[in-house]
Amino acid sequence: MLAEWIELSLEGTVPTKRTGCVAGGRFLIHAPGILELVPDTLGSDAHACVLSAGIHGNETAPIELLGSCLARFEARLLTLGAPVLVILGNLESIRRGERYVETNLNRLFRRELDEEGMEPERARELMSAVDGFFARHAQLPRLHYDLHTAIRDSRYPRFVVEPYAETTTRPEQWTWLAAANIQAVLHQHRHSWTFSHYSKHYHHAQAFTLELGRALPFGHNDLAALAPMGRLLEDLIAGRKPARAPATQMAFFRVAHELMRESESFRLCFADDTPNFTEFPPGTRLAEDDKVGPFIVDENALSVVFPNAHVELGARAALLATRVEPPN
Ligand SMILES: O=C(O)CCC(=O)N[C@@H](CCC(=O)O)C(=O)O
Ligand SMILES: [Zn+2]
(Lines give C-alpha, C1' and ligand atoms only; values in the text may rest on other atoms or scores of the structure.)
(Ligands and ions follow the chains in the order given, each with its own letter.)
Protein backbone atom coordinates (compact mmCIF):
# COMPACT_ATOMS: atom_id res chain seq x y z
CA MET A 1 0.00 0.00 0.00
CA LEU A 2 2.73 2.53 0.98
CA ALA A 3 4.66 1.89 -2.24
CA GLU A 4 1.53 2.93 -4.18
CA TRP A 5 0.66 5.93 -2.04
CA ILE A 6 2.56 8.41 -4.23
CA GLU A 7 0.93 7.13 -7.44
CA LEU A 8 -2.54 7.10 -5.86
CA SER A 9 -2.03 10.64 -4.54
CA LEU A 10 -1.04 11.85 -8.01
CA GLU A 11 -4.00 10.07 -9.61
CA GLY A 12 -6.23 11.90 -7.12
CA THR A 13 -7.51 8.54 -5.82
CA VAL A 14 -8.35 8.51 -2.12
CA PRO A 15 -7.65 4.91 -1.01
CA THR A 16 -10.58 3.21 0.67
CA LYS A 17 -8.12 1.93 3.27
CA ARG A 18 -6.79 5.08 4.95
CA THR A 19 -5.01 3.32 7.79
CA GLY A 20 -3.04 0.10 8.13
CA CYS A 21 0.15 -1.56 9.32
CA VAL A 22 3.77 -0.98 8.30
CA ALA A 23 6.89 -2.66 9.69
CA GLY A 24 7.18 -1.26 13.24
CA GLY A 25 3.95 0.74 13.29
CA ARG A 26 0.96 1.97 11.32
CA PHE A 27 0.13 4.52 8.65
CA LEU A 28 -2.68 7.08 8.48
CA ILE A 29 -3.63 8.93 5.29
CA HIS A 30 -4.91 12.32 6.46
CA ALA A 31 -5.62 13.85 3.02
CA PRO A 32 -4.30 13.57 -0.55
CA GLY A 33 -0.52 13.77 -0.34
CA ILE A 34 -0.44 13.81 3.49
CA LEU A 35 0.64 10.55 5.15
CA GLU A 36 1.55 9.99 8.80
CA LEU A 37 3.63 7.04 10.03
CA VAL A 38 3.23 6.24 13.72
CA PRO A 39 5.72 3.84 15.34
CA ASP A 40 4.82 1.19 17.93
CA THR A 41 8.11 1.88 19.74
CA LEU A 42 10.41 4.88 19.53
CA GLY A 43 13.98 4.37 18.36
CA SER A 44 16.86 5.56 20.55
CA ASP A 45 17.25 8.87 18.69
CA ALA A 46 13.67 9.47 17.50
CA HIS A 47 12.62 12.90 16.23
CA ALA A 48 9.17 13.98 15.05
CA CYS A 49 10.08 14.27 11.36
CA VAL A 50 8.31 16.15 8.59
CA LEU A 51 9.66 15.05 5.20
CA SER A 52 8.17 17.04 2.34
CA ALA A 53 8.70 16.97 -1.42
CA GLY A 54 6.95 18.32 -4.49
CA ILE A 55 6.31 21.79 -3.06
CA HIS A 56 7.43 22.68 -6.59
CA GLY A 57 5.86 20.26 -9.08
CA ASN A 58 8.79 19.95 -11.50
CA GLU A 59 11.24 18.84 -8.76
CA THR A 60 10.90 15.09 -9.03
CA ALA A 61 14.10 13.56 -7.56
CA PRO A 62 12.98 14.07 -3.93
CA ILE A 63 9.63 12.39 -4.72
CA GLU A 64 11.49 9.39 -6.17
CA LEU A 65 13.79 9.36 -3.13
CA LEU A 66 10.87 9.31 -0.67
CA GLY A 67 9.19 6.67 -2.87
CA SER A 68 12.22 4.40 -2.56
CA CYS A 69 12.25 4.83 1.26
CA LEU A 70 8.53 3.88 1.40
CA ALA A 71 9.15 0.89 -0.85
CA ARG A 72 11.75 -0.37 1.64
CA PHE A 73 8.99 -0.64 4.27
CA GLU A 74 7.03 -2.90 1.95
CA ALA A 75 10.15 -5.05 1.58
CA ARG A 76 10.61 -5.01 5.39
CA LEU A 77 14.13 -3.61 4.92
CA LEU A 78 13.22 -0.64 7.11
CA THR A 79 11.39 -0.57 10.44
CA LEU A 80 9.61 2.51 11.71
CA GLY A 81 11.11 4.01 14.90
CA ALA A 82 9.94 7.65 14.74
CA PRO A 83 6.74 9.51 13.86
CA VAL A 84 7.03 10.82 10.32
CA LEU A 85 4.73 13.13 8.34
CA VAL A 86 5.33 12.56 4.63
CA ILE A 87 4.02 15.34 2.40
CA LEU A 88 3.63 15.71 -1.35
CA GLY A 89 3.15 19.44 -1.62
CA ASN A 90 1.58 20.75 -4.80
CA LEU A 91 -0.21 17.73 -6.30
CA GLU A 92 -1.66 19.53 -9.34
CA SER A 93 1.69 21.08 -10.26
CA ILE A 94 3.39 17.65 -9.89
CA ARG A 95 0.80 16.22 -12.31
CA ARG A 96 1.57 19.01 -14.77
CA GLY A 97 5.36 18.84 -14.22
CA GLU A 98 5.39 22.59 -13.53
CA ARG A 99 6.90 24.63 -10.71
CA TYR A 100 3.47 25.95 -9.70
CA VAL A 101 -0.02 26.42 -11.14
CA GLU A 102 -1.09 29.95 -10.13
CA THR A 103 1.46 31.15 -7.60
CA ASN A 104 4.62 29.87 -5.87
CA LEU A 105 3.42 27.70 -2.96
CA ASN A 106 6.78 28.10 -1.20
CA ARG A 107 6.12 31.78 -0.41
CA LEU A 108 2.76 31.27 1.31
CA PHE A 109 3.57 29.59 4.64
CA ARG A 110 2.47 32.30 7.08
CA ARG A 111 -0.42 32.16 9.52
CA GLU A 112 -1.81 35.55 8.41
CA LEU A 113 -2.18 34.30 4.82
CA ASP A 114 -5.44 35.68 3.39
CA GLU A 115 -5.03 34.97 -0.34
CA GLU A 116 -7.56 32.75 -2.12
CA GLY A 117 -6.85 30.08 -4.74
CA MET A 118 -5.51 26.56 -5.12
CA GLU A 119 -1.98 27.15 -3.75
CA PRO A 120 -3.10 29.30 -0.77
CA GLU A 121 -5.68 26.59 0.12
CA ARG A 122 -2.97 23.94 -0.04
CA ALA A 123 -0.60 26.06 2.08
CA ARG A 124 -3.33 26.30 4.78
CA GLU A 125 -3.93 22.53 4.60
CA LEU A 126 -0.20 21.79 4.93
CA MET A 127 0.31 24.27 7.79
CA SER A 128 -2.58 22.69 9.66
CA ALA A 129 -1.18 19.17 9.03
CA VAL A 130 2.22 20.22 10.42
CA ASP A 131 0.60 21.94 13.44
CA GLY A 132 -1.41 18.79 14.26
CA PHE A 133 1.58 16.49 13.77
CA PHE A 134 3.94 18.44 16.03
CA ALA A 135 1.16 18.76 18.66
CA ARG A 136 0.57 14.97 18.62
CA HIS A 137 4.29 14.28 19.16
CA ALA A 138 5.11 17.20 21.44
CA GLN A 139 7.53 15.16 23.61
CA LEU A 140 10.01 14.69 20.75
CA PRO A 141 12.57 17.04 19.15
CA ARG A 142 11.13 18.43 15.91
CA LEU A 143 12.69 18.24 12.48
CA HIS A 144 11.56 19.26 8.98
CA TYR A 145 13.49 18.55 5.79
CA ASP A 146 11.77 20.14 2.77
CA LEU A 147 13.29 18.44 -0.27
CA HIS A 148 13.75 20.34 -3.54
CA THR A 149 15.91 20.41 -6.65
CA ALA A 150 17.24 23.56 -8.31
CA ILE A 151 16.45 24.99 -11.74
CA ARG A 152 20.09 25.31 -12.83
CA ASP A 153 23.51 23.77 -12.28
CA SER A 154 25.42 24.63 -9.15
CA ARG A 155 29.05 24.86 -8.05
CA TYR A 156 27.69 22.83 -5.12
CA PRO A 157 25.04 20.50 -6.64
CA ARG A 158 23.64 19.52 -3.22
CA PHE A 159 23.14 22.31 -0.70
CA VAL A 160 20.75 23.42 2.03
CA VAL A 161 19.09 26.73 2.81
CA GLU A 162 18.89 27.40 6.54
CA PRO A 163 15.79 29.54 7.09
CA TYR A 164 16.09 32.64 9.23
CA ALA A 165 14.48 32.36 12.69
CA GLU A 166 15.31 32.88 16.35
CA THR A 167 15.90 29.13 16.94
CA THR A 168 19.51 28.17 16.43
CA THR A 169 20.52 25.11 14.44
CA ARG A 170 21.99 22.35 16.59
CA PRO A 171 25.61 21.58 15.59
CA GLU A 172 24.78 17.89 15.06
CA GLN A 173 22.61 18.91 12.07
CA TRP A 174 25.68 20.11 10.17
CA THR A 175 27.44 16.80 10.81
CA TRP A 176 24.43 14.78 9.60
CA LEU A 177 24.12 16.90 6.46
CA ALA A 178 27.86 16.65 5.73
CA ALA A 179 27.66 12.84 6.03
CA ALA A 180 24.67 12.92 3.63
CA ASN A 181 26.95 14.50 1.00
CA ILE A 182 25.55 18.01 1.27
CA GLN A 183 28.25 20.32 -0.06
CA ALA A 184 27.17 23.80 0.99
CA VAL A 185 24.93 25.70 3.41
CA LEU A 186 23.25 29.04 2.77
CA HIS A 187 22.09 30.92 5.89
CA GLN A 188 19.04 33.12 5.18
CA HIS A 189 19.24 36.69 6.49
CA ARG A 190 15.51 37.37 6.98
CA HIS A 191 12.09 35.73 7.20
CA SER A 192 11.15 34.09 3.92
CA TRP A 193 7.75 32.32 4.52
CA THR A 194 8.90 29.07 2.93
CA PHE A 195 7.69 25.68 4.22
CA SER A 196 10.89 24.94 6.15
CA HIS A 197 10.80 28.47 7.60
CA TYR A 198 7.25 27.76 8.82
CA SER A 199 8.39 24.78 10.93
CA LYS A 200 11.40 26.64 12.27
CA HIS A 201 9.67 29.95 13.01
CA TYR A 202 6.38 28.68 14.47
CA HIS A 203 7.46 25.28 15.86
CA HIS A 204 11.18 25.81 16.64
CA ALA A 205 12.01 22.74 14.56
CA GLN A 206 15.41 22.01 13.12
CA ALA A 207 14.44 22.81 9.54
CA PHE A 208 16.03 23.22 6.11
CA THR A 209 15.21 23.49 2.45
CA LEU A 210 17.41 20.86 0.80
CA GLU A 211 18.44 21.31 -2.84
CA LEU A 212 19.29 17.84 -4.18
CA GLY A 213 20.68 18.46 -7.66
CA ARG A 214 18.89 19.76 -10.73
CA ALA A 215 15.17 19.62 -11.52
CA LEU A 216 14.55 16.91 -14.13
CA PRO A 217 11.44 14.95 -15.23
CA PHE A 218 10.48 11.67 -13.51
CA GLY A 219 12.79 8.82 -14.55
CA HIS A 220 15.73 11.09 -15.43
CA ASN A 221 17.17 11.55 -11.92
CA ASP A 222 20.48 10.13 -10.74
CA LEU A 223 19.38 8.62 -7.44
CA ALA A 224 22.86 7.09 -6.93
CA ALA A 225 24.18 10.59 -6.13
CA LEU A 226 21.49 10.84 -3.45
CA ALA A 227 22.23 7.48 -1.76
CA PRO A 228 23.89 9.11 1.31
CA MET A 229 20.87 11.43 1.67
CA GLY A 230 18.62 8.36 1.36
CA ARG A 231 20.54 6.79 4.27
CA LEU A 232 20.00 9.91 6.41
CA LEU A 233 16.25 9.82 5.68
CA GLU A 234 16.12 6.12 6.56
CA ASP A 235 17.98 6.73 9.84
CA LEU A 236 15.42 9.42 10.72
CA ILE A 237 12.52 7.12 9.83
CA ALA A 238 14.04 4.29 11.89
CA GLY A 239 14.72 6.67 14.84
CA ARG A 240 18.44 5.78 14.68
CA LYS A 241 21.37 8.11 15.22
CA PRO A 242 22.46 9.29 11.74
CA ALA A 243 26.03 9.03 10.47
CA ARG A 244 28.23 12.09 11.04
CA ALA A 245 31.04 13.82 9.14
CA PRO A 246 32.92 17.05 9.89
CA ALA A 247 30.83 20.15 9.14
CA THR A 248 34.00 21.76 7.79
CA GLN A 249 33.77 19.68 4.63
CA MET A 250 30.84 21.92 3.59
CA ALA A 251 31.15 25.53 2.34
CA PHE A 252 29.08 28.06 4.34
CA PHE A 253 27.49 31.20 2.89
CA ARG A 254 25.26 33.94 4.28
CA VAL A 255 22.74 35.93 2.21
CA ALA A 256 23.87 39.55 1.99
CA HIS A 257 21.23 40.91 -0.43
CA GLU A 258 18.04 39.77 -2.08
CA LEU A 259 17.30 41.01 -5.61
CA MET A 260 13.57 41.60 -6.07
CA ARG A 261 11.73 41.90 -9.38
CA GLU A 262 10.08 45.29 -8.86
CA SER A 263 8.89 45.99 -12.42
CA GLU A 264 8.35 44.44 -15.85
CA SER A 265 11.65 45.96 -16.93
CA PHE A 266 13.69 43.89 -14.44
CA ARG A 267 16.52 41.93 -16.01
CA LEU A 268 19.60 40.07 -14.83
CA CYS A 269 22.85 41.12 -16.55
CA PHE A 270 24.35 37.62 -16.70
CA ALA A 271 23.52 34.46 -18.66
CA ASP A 272 20.35 32.55 -17.73
CA ASP A 273 22.31 29.33 -17.24
CA THR A 274 24.84 30.81 -14.77
CA PRO A 275 25.36 28.10 -12.12
CA ASN A 276 24.33 28.72 -8.51
CA PHE A 277 27.16 30.07 -6.29
CA THR A 278 28.96 31.74 -9.23
CA GLU A 279 30.96 34.60 -7.69
CA PHE A 280 30.94 38.12 -9.14
CA PRO A 281 33.70 40.62 -8.23
CA PRO A 282 33.18 44.19 -6.95
CA GLY A 283 31.92 46.55 -9.65
CA THR A 284 29.89 43.92 -11.58
CA ARG A 285 26.46 45.12 -12.72
CA LEU A 286 24.15 42.23 -11.77
CA ALA A 287 20.65 43.55 -12.48
CA GLU A 288 18.72 46.44 -13.96
CA ASP A 289 15.23 47.65 -13.17
CA ASP A 290 13.73 50.96 -14.38
CA LYS A 291 11.94 51.35 -11.05
CA VAL A 292 14.92 50.93 -8.68
CA GLY A 293 17.96 51.35 -10.95
CA PRO A 294 20.89 48.99 -11.40
CA PHE A 295 22.37 46.67 -8.75
CA ILE A 296 26.18 46.77 -8.74
CA VAL A 297 28.38 44.61 -6.49
CA ASP A 298 30.06 46.92 -3.92
CA GLU A 299 33.33 46.21 -2.10
CA ASN A 300 32.72 42.49 -1.36
CA ALA A 301 32.39 39.81 -4.05
CA LEU A 302 28.91 38.20 -4.14
CA SER A 303 27.82 34.68 -5.12
CA VAL A 304 24.50 34.38 -6.89
CA VAL A 305 21.97 31.71 -5.85
CA PHE A 306 18.54 30.95 -7.44
CA PRO A 307 18.75 33.66 -10.13
CA ASN A 308 15.43 33.86 -11.99
CA ALA A 309 14.38 37.02 -13.81
CA HIS A 310 10.98 35.56 -14.67
CA VAL A 311 9.47 35.40 -11.18
CA GLU A 312 6.19 37.14 -10.33
CA LEU A 313 6.33 40.94 -9.79
CA GLY A 314 7.43 41.71 -6.23
CA ALA A 315 9.06 38.27 -5.83
CA ARG A 316 12.67 37.30 -5.16
CA ALA A 317 14.76 37.15 -8.34
CA ALA A 318 18.08 36.08 -6.77
CA LEU A 319 19.90 35.68 -3.49
CA LEU A 320 23.38 37.24 -3.25
CA ALA A 321 25.66 35.63 -0.70
CA THR A 322 29.10 35.91 0.85
CA ARG A 323 31.28 33.06 2.10
CA VAL A 324 31.43 32.76 5.91
CA GLU A 325 33.24 30.58 8.44
CA PRO A 326 31.61 27.25 9.41
CA PRO A 327 29.71 27.50 12.73
CA ASN A 328 31.59 26.21 15.82
O1 LIG B 1 16.57 26.85 -8.57
C2 LIG B 1 15.83 27.78 -8.24
O3 LIG B 1 15.96 28.92 -8.72
C4 LIG B 1 14.76 27.56 -7.21
C5 LIG B 1 14.88 26.28 -6.41
C6 LIG B 1 13.92 26.37 -5.25
O7 LIG B 1 12.78 26.04 -5.41
N8 LIG B 1 14.40 26.88 -4.14
C9 LIG B 1 13.58 27.17 -3.00
C10 LIG B 1 14.42 27.71 -1.89
C11 LIG B 1 13.61 28.03 -0.68
C12 LIG B 1 14.38 28.78 0.38
O13 LIG B 1 14.79 29.92 0.11
O14 LIG B 1 14.49 28.24 1.49
C15 LIG B 1 12.52 28.21 -3.39
O16 LIG B 1 12.83 29.09 -4.20
O17 LIG B 1 11.40 28.10 -2.89
ZN1 LIG C 1 11.90 24.06 -5.20
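I take a residue as buried if 20 or more other C-beta atoms lie within 10 Å of its own, and as exposed if 12 or fewer do. The model I am reading is a predicted one, and I keep that in mind throughout these entries.

**Entry: helix 1**

I began with helix 1, residues 2-11, and looked up its buried residues, which are Leu2, Ile6 and Ser9. They cover an arc of only 95° around the axis, and this puts them on the same side of helix 1. An α-helix has 3.6 residues a turn, so residues three or four places apart point the same way. Turning to the other side of helix 1, I found Glu7 and Glu11, both exposed. I then asked which elements the buried residues of helix 1 pack against. The list I obtained is strand 1 (19-22), strand 2, helix 2, strand 5 and helix 3 (91-96). Just after helix 1 I noted Gly12, which takes a positive phi of about 85°.

**Entry: helix 4**

Next I went to helix 4, which runs over residues 118-136 and has 19 residues. From its first C-alpha to its last, helix 4 reaches 27 Å, which is close to the 27 Å expected at 1.5 Å a residue. I listed its buried residues as Glu119, Arg122, Ala123, Leu126, Ala129, Val130, Phe133 and Phe134. They lie on the same side of helix 4, because they cover an arc of only 130° around the axis. For their packing partners I recorded five strands by name, namely strand 2 (25-31), strand 3 (34-39), strand 4 (48-53), strand 5 (84-88) and strand 6 (142-150), together with helix 6 (195-203). Strand 2 and strand 5 had already appeared in my entry for helix 1, among the elements its buried residues pack against.

**Entry: the loop between helix 2 and strand 5**

I looked up two residues here. Leu80 lies in the loop between helix 2 (61-74) and strand 5, and Arg76 lies in that loop as well. Are they buried or exposed? Leu80 counts as buried because it has 25 C-beta neighbours inside 10 Å, whereas Arg76, with 10 such neighbours, counts as exposed. Leaving out residues up to four places away in sequence, I found Leu80 touching Val22, Ala23, Gly24, Gly25, Leu37, Pro39 and Ile237. For Gly24 I also noted the separation: Leu80 and Gly24 are 56 residues apart in sequence, yet 4.7 Å apart in space, C-alpha to C-alpha. Arg76 has a positive phi of about 60° although it is not a glycine.

**Entry: a second non-glycine with positive phi**

Most residues other than glycine have a negative phi. I therefore also wrote down Phe277, which is not a glycine and has a positive phi of about 70°, and which counts as buried with 21 C-beta neighbours inside 10 Å. Phe277 is found in the loop between strand 11 (267-268) and strand 12 (278-280).

**Entry: annotated positions**

From the unreviewed UniProt entry I took the feature "binding site", which is placed at His56, Glu59 and His148. Although these residues are spread over 93 residues of sequence, they cluster in space, and the largest C-alpha distance is 7.4 Å. I checked two of them further. Glu59 lies in the loop between strand 4 and helix 2 and is buried, with 28 other C-beta atoms within 10 Å. His148 is in strand 6 and is also buried, with 26 other C-beta atoms within 10 Å. Not counting residues up to four places away in sequence, Glu59 touches Gly54, His148, Thr149 and Ala215, while His148 touches Ile55, His56, Glu59, Pro62, Thr209, Leu210 and Glu211.

The last of these contacts led me to Glu211, which the unreviewed UniProt entry covers with the annotation "active site". Where does Glu211 sit? Its place is in strand 9, residues 206-214, and Glu211 is buried, with 28 other C-beta atoms within 10 Å. Its contacts, leaving aside neighbours within four places in sequence, are His148, Thr149, Ala150, Arg158 and Phe159.

**Entry: ligand 1**

Finally I looked up the surroundings of ligand 1 and found 13 residues, of which the closest are Asn106, Ala150, Ile151, Thr209 and Phe306. I sorted the residues of this shell by character and noted five nonpolar, eight polar and no charged. Ala150 is also one of the contacts that I recorded for Glu211, and Thr209 is one of those touched by His148.

Definitions and conventions: Residues numbered from 1 in each chain as written. Chains lettered and ligands numbered in written order. Predicted model: local features only at pLDDT ≥ 70, side-chain atom pairs only at ≥ 80, totals over all residues. Helix = DSSP H or I, 4+ residues; strand = E, 2+ residues; numbered from the N terminus. Expected span 1.5 Å × (residues − 1). Arc of directions from axis to C-beta. Contact = placed C-beta atoms within 7 Å. UniProt positions renumbered as here; feature names shortened; annotations may be inferred. Near = placed C-beta within 6 Å. Nonpolar A, V, L, I, M, F, W, Y, C, P; charged D, E, K, R; others polar.
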